[in-house]
Amino acid sequence: MLLEVKELTKIYNVGLLRRKEIIAVKDVSFDVKPEMFLSLVGESGSGKTTTAKIILKLIKPTSGSIIFEGQNIEGINTLKDLRRYWRNVHGIFQDPYASFNPFHKVDRALGQAFTLLEGSNFDKESIINEALREVGLRPEEVLGKYPHELSGGQRQRIMIARCYILKPKLILADEPLSMIDASTRAGILKLFSKLRDEHKTSVIFITHDLGLAYYVSDEILIMYKGSIVERGPPHEIIEKPQAQYTKRLVEDVPLLYKKWSGF
Amino acid sequence: MIPRIIKDLFKIKKLDISLGIFLGLMLLSLLGSIIYPVDPTSVVGPPERPPSSAYPLGTDNRGRDVLAQLIGGIKNSLYIGVIAALISLGIGVIIGAISGYKGGLTDSSLMLMTDVVLVLPSILIMMLIAAYLKERNPIFVSIIIGVTSWPWVARAVRAQMMSLKAREFVYMSRIAGLRDIKIIIEDLLPNMASYIFMAFVLLMSGAMIAEAGLSMIGLGVTKGISLGIILYWAQLFESVRRGLWWWFVPPGACLVALASSLLLMSTALDEYFSPRLKGG
Amino acid sequence: MPILETKGVKAYYSTPLGYIRAVDGIDLTLEKGVILGLAGESGCGKSTLVNTLMMNVRPPLRFIEGTIILDGKEISSMDRSMLKKNVWGVLVSLVPQSALNALMPTQRITDLVKDVVMHHMNVSEQEVVSMAKKRFEELNLEVDTLYRYPHELSGGMKQRVVIAISTLLNPKLLIVDEPTSALDVSTQKQVLKMLVDLKRAKIIESMIFVTHDIAVLRQIANWITIMYAGKIVESGLADDMLNHPKHPYTFSLVNAVVTPEPEVRNRGLASLPGEPPNLLDPPKGCRFNPRCPNAMEICRAKEPHLEEKSNRLVACHLVFP
């Protein structure tokens, strides 16, 4: 097993005078096998992003554990160990605009990947160029540019190119397509499948769009209010949804060849 | 990207006006002593003369030239303002940045310290330190003002830091295994540059007023001149009651102009950088 | 008489590098009672177009030429104060893309309502509030929300409130710019339902709905217009157009839709390669030619114009040689 998530819970305490507990993630457990494409589907506030951040060690869980290749990630604390972990488990976030520091050229995001690679004598330029070509970008078109000079799709492809440099064992892609034009989503989605097929990378794909998850996943987990309400292979989720929430979710996805009743 | 911002900034009337006033007074103080080379501390004529062709702004009670004093005073007040602002900014940014980025225990202890300094009446501290020092040059005064006026900067920087560190590009740098200090310097601080600059402007205006305040109660610089010192002497010799307007109006007006042009500048920048206020 | 008719409308952004031709010669006719879906990639000028259609043109955007006739009045020659008084909010309302974040955080929803209504009508505050209450009830929105602050409302709720307020004065035409792209599917459906209800209740007569999501358009639009690089490339009846797209660009847009249904699974995932052109210096001839799989010699040389055939307008040399 590549990654085991066991009874993960995250509770936020908010408010100064009246302390209130907000349960972001509640008792979430799932496994990720090598070369597996797993989708976490849910609306905003369902806890899917929090789960991703915990796996990426960006925030700490309240309880529960995450085991990566047999090791509890709670024990990974030195910079050296952290770097090794992030080389194996990398992330891509929702907002391709906010993923780049506006003060730096986009090259920086790619160059940063080398901090994680062991060794020092890389031909950085050719590795970067190669990775950019893999994700369908022409290096001369994007290198040396500032983020605001590129489209959302190009920026997100650069982020994926960073994963092509690292070739991690697991990628957490948190809503990577929700801010991308509908017309280019499929192309970017395919890059994740390609990474899995060519480099055996497992993908945890986080989305609110059941349609996207349907085409690429081996398994879909439906999250609602912090818990997993249903899990199964894509066609079963779409064709025979069991949970009340999943039924509504499937119903509310706008289709191209069928109109909603009452509209 | 940068020249575009500057071009846009100059379109803001408030900023143009305030910058005009501020730069005008600054130039007056820098070039004034060349064009009008009169020593502000030596006696040049009869005392308490109203403005005339020989003394464009008259003389004070000991026959010193008020215009020369004004030129020197603006220069020193600006100097104290800049140095004090830099000191507070330095302390405030460092404490705020570490506190906001690290969180947890570091944050709590640094903020406790900040709050202690924040609630202590700073004028009282300034008075105590100032009274303890027998000789006070502009640098001392700047330090006294600087070390007492940073807490709000630390608080503000911390708040900015906490919101910035949840931005995705910071996550990207974190999962690339960058050191914290590198993330703070490369990712976080540049993105609050406009904010830090505004804080600097506000601190400077506050420091110049604080300098005048210290001087007015006799705890200002002991050597040399400043706007506060001119006002101090003018007040000591009852210039207002005796109608010696040329003695207290120009330094008072200059102080107000400097401080308010800086305040106006920061408002203009604030409106530009926080779009919610734009066209509100 | 159509509700909106434009002829040769051009609106450019003026930049130090030259004009960005975001809206470059638009002829558009919107019949009464129609929900028009305006689609295209980001940066194709669709947001600029809808702002121009109601003459909400502010620097750096400049109105270059053309006529816009809204409900029989030529609004392209009106000045801003006249538009504010007689057109905006009364004849046409726009819910901009940024509406969700543009609410003043310190204002209650009622304050917002007062601002909007009292600008146009000479009524007392109580009358405004009772008017808003009635409308909220009519649209199944909790009347309670009127007394809340924006941050207390969820994204979907905020969007519905903004739409309800924008239509308080029963404008004949409502323009909504990407109202649901930031929302979850279920919330999206609620917002779309509300828009349809607004028309059914005859609060508004016609609507322009801007989006990049074709599947959403299918649900609510009865006429679809596709924009590419500042120009209209195809326009027609919704069902007919999505089932039989004629322009290669429309074809790729429809083909790029990823929805969980058998027709889509059978054709597989496809996406449009390349990036939209730089509108500072658009390609010669047909603007789509660099990305078009069927580009011919003539496409690089001569610009195609919108031509009509059986209720469909297409600007393509392939369709109209």
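What follows looks at one sheet in chain A and at the contacts chain A makes with chains B and C, all in a predicted model.

Start with the sheet. Six strands of chain A make up an open sheet with mixed pairing, and their order runs 6-7-8-3-9-10. Strand 6 (89–92) and strand 10 (227–232) of chain A sit at the edges; each has a single partner strand, so one side of each goes without a neighbour in the sheet. Going from one strand to the next, the twist averages 20 degrees. At one of these edges, strand 10 of chain A pairs with strand 9 (residues 219–224) of chain A in the antiparallel sense, over five bridges. Within this part of the sheet, Ile222(A) has Glu230(A), in strand 10 of chain A, as its bridge partner. Helix 7 (residues 152–166) of chain A packs on the sheet, where it touches strand 6 and strand 7 (170–174) of chain A. The direction of this helix makes about 170 degrees with that of strand 6 of chain A.

Now for the contacts between chains. With chain C, the contact takes 33 residues from chain A and 31 residues from chain C. On the chain C side, helix 7 (185–200), helix 8 (214–220), helix 10 (248–255) and helix 11 (262–267) of chain C are the elements giving two or more residues. Helix 8 of chain C gives the most, with six residues. By class, this side of chain C has 16 nonpolar, seven polar and eight charged residues.

With chain B, the contact takes 21 residues from chain A and 15 residues from chain B. Here the largest share of the chain B side, seven residues, comes from helix 8 (residues 168–175) of chain B. That side of chain B has eight nonpolar, three polar and four charged residues.

Key: Residues are numbered from 1 along each chain as its sequence is written. Chains are lettered from A and ligands numbered from 1 in the order in which they are written. This is a predicted model: local features need pLDDT of at least 70, side-chain atom pairs count only at pLDDT 80 or more; totals for chains, interfaces and linings use all residues. Two residues are in contact if their C-beta atoms, placed from the backbone, lie within 7 Å. Helices (H or I, at least four residues) and strands (E, at least two) are DSSP runs, numbered from the N terminus. Ala, Val, Leu, Ile, Met, Phe, Trp, Tyr, Cys and Pro count as nonpolar, Asp, Glu, Lys and Arg as charged, and the others, Gly among them, as polar. Two strands pair if DSSP finds at least two bridges between them. Axes are lines fitted to C-alpha atoms, for helices over the stretch in contact, and angles run from 0 to 180 degrees between N-to-C directions.
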